[in-house]
Amino acid sequence: MHLVFIGTGYVGLVSGVMMAHLGHHIICLDSDESKIESLKQGIVPIYEPGLDEYIKNSKKRLQFISQYRDAEFHPDAVFICVGTPQKESGEANLEYVFEAALDSAKNFENVPIVIKSTVPPGTAHAVEAKLRKEGYKNAVISNPEFLSEGRAIDDFLYPDRIIVGADDEKSKELMESIYQSFSNENYSVLCSTRVSAELIKYASNSFLATKIAFINEMADLCEKTSANIEEVSSGIGADKRIGKDFLKTGPGFGGSCFPKDIMALQAICRKYKSESKILDATIESNKFRTENMVEKIREGLGGGLCGAMLGVLGLTFKAGTDDVRSSPALEIIRLLIEEGVYICAYDPKGMDNAKKELQVDMAKSYRACAMGAYALVILTEWDEFKNLDYESLAMDMGRKIIFDFRNIIDVQEAEKHGFKVFQLGKVKAT
Ligand code: UGA
């Protein structure tokens, strides 16, 4: 089939490229000309493992453009994958979605418009009403995306499910034929109304965020009761009704989706005068989590933070991405700087993006970052941090302390070299 993807962020670019890989003819359109120029030259603007190879291999079926008039074909469907940034009120800003829908309708007569961007319930209906008012007849379909950064290709090829929100049979059939080309036959296309599909996306992300906030509070309780959070997580996760995923404790959930989406869902509840006590608690708990990390560092250092020199390992909101949006690591660094701590940070992929948000010294390697530091603080679970060279670190560091807030290092190995290690949800180091 012939498909257009509008927006070349994580969702639009990965979806477009992977659809081309599956044999569809794809146009990726973005108003950012410099991004399109880079893509034409094979330069991928985001770090997503494997994506550059897929772009190279599907080149024949991929066109990158910044103007509708350059489209090489009239498509069977247009997918809107533009951002829905957070307004100050917490609501999603839908300006770009409406703009993209109108432009698509103007340029592709009667072509169904599929909204992939995360949008509040009722948006597809509102977009359709706007199009009708302007005299356009395009159908509007909801097809929320469930790709997670760093593993987006696998998520795309092996989805748990595909959600299609369509209020008419023709739209449902179109979506089924688009997704027929998948190699994996174990997924199902779940059809619902458009408004349910829109809510499924927010509810999924908010539910997962709540699971994380819950396990983080359990980790705190483990520290106080001498239980072990890894044992507790695997114990509760073995119950199929709960499931083992998203029960890993850490410095709080971040990224461009969970924090924004849960606040948008809270705003939706407010709009409809519906209770949001669980969402409120999750947001509050996650906000407290970063402050909590700072307190753990203060305590571990013996009470004083002012003047301390810390090496921070990890800036991205999770491993496998260069994305630092709403990263707990950046928030923790900001709080530490406010306390008068001197920070040197290192991240294998996120330093360029972090530099745009934060003024902090950055080192070229984790070893350079540790030089003279009182302690190392691990905030992202990069593989590179799982097996640190403790022998060298022991010689380079001022004090031998590691705050492992992703629970990734081999504590016994570190202790052999004289390190005192603090992990989350475990008996405190003495
Ligand atoms: C999330 C969802 O997982 C995707 O399904 C969804 O499509 C995407 O948002 C989106 O709405 O576009 P993503 O933000 O890439 O994907 O990242 P996740 O892997 O879900 O992680 C989010 C945050 O939770 C990270 O800060 C991560 O470190 C944290 N996390 C995750 C934990 O602290 N513990 C866990 O067990 C899992």
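Here are three short exercises on this predicted model, each with a worked solution.

Residue numbers start from 1 along each chain as its sequence is written. As the model is predicted, local features need pLDDT of at least 70, side-chain atom pairs count only at pLDDT 80 or more, and totals for chains, interfaces and linings use all residues, while side-chain values use heavy atoms, leaving out hydrogens and water.

**Exercise 1.** Work out which strands stand at the edges of the six-stranded sheet.

*Solution.* Start with the ground rules: strands are DSSP runs (E, at least two residues), numbered from the N terminus, and two of them pair if DSSP finds at least two bridges between them. Next, write down the order of this open sheet: β11-β10-β9-β12-β13-β14, with parallel pairing. Now look at the ends: β11 (361-362) and β14 (420-423) each have a single partner strand, so one side of each lacks a neighbour in the sheet.

**Exercise 2.** Find how many bridges join β9 and β10, and which residue Met309 faces.

*Solution.* First locate the strands: β9 covers residues 309-313 and β10 covers 342-346. Then count: this parallel pair has five bridges. Finally, look across from Met309 and you'll land on Tyr342 in β10.

**Exercise 3.** Place Lys364 and decide: buried or exposed?

*Solution.* Begin with the chain: Lys364 sits in the loop between β11 and α14 (366-370), where a helix is a DSSP run of H or I with at least four residues. Then check the cut-offs: buried is under 20% relative accessible area, exposed over 50%, and partly exposed in between (1.4 Å probe, protein chains only). Lys364 has 81% relative accessibility, so it counts as exposed. Last, try a distance: the C-alpha atoms of Lys364 and Pro348 are 8.6 Å apart, with 16 residues separating the two along the chain.
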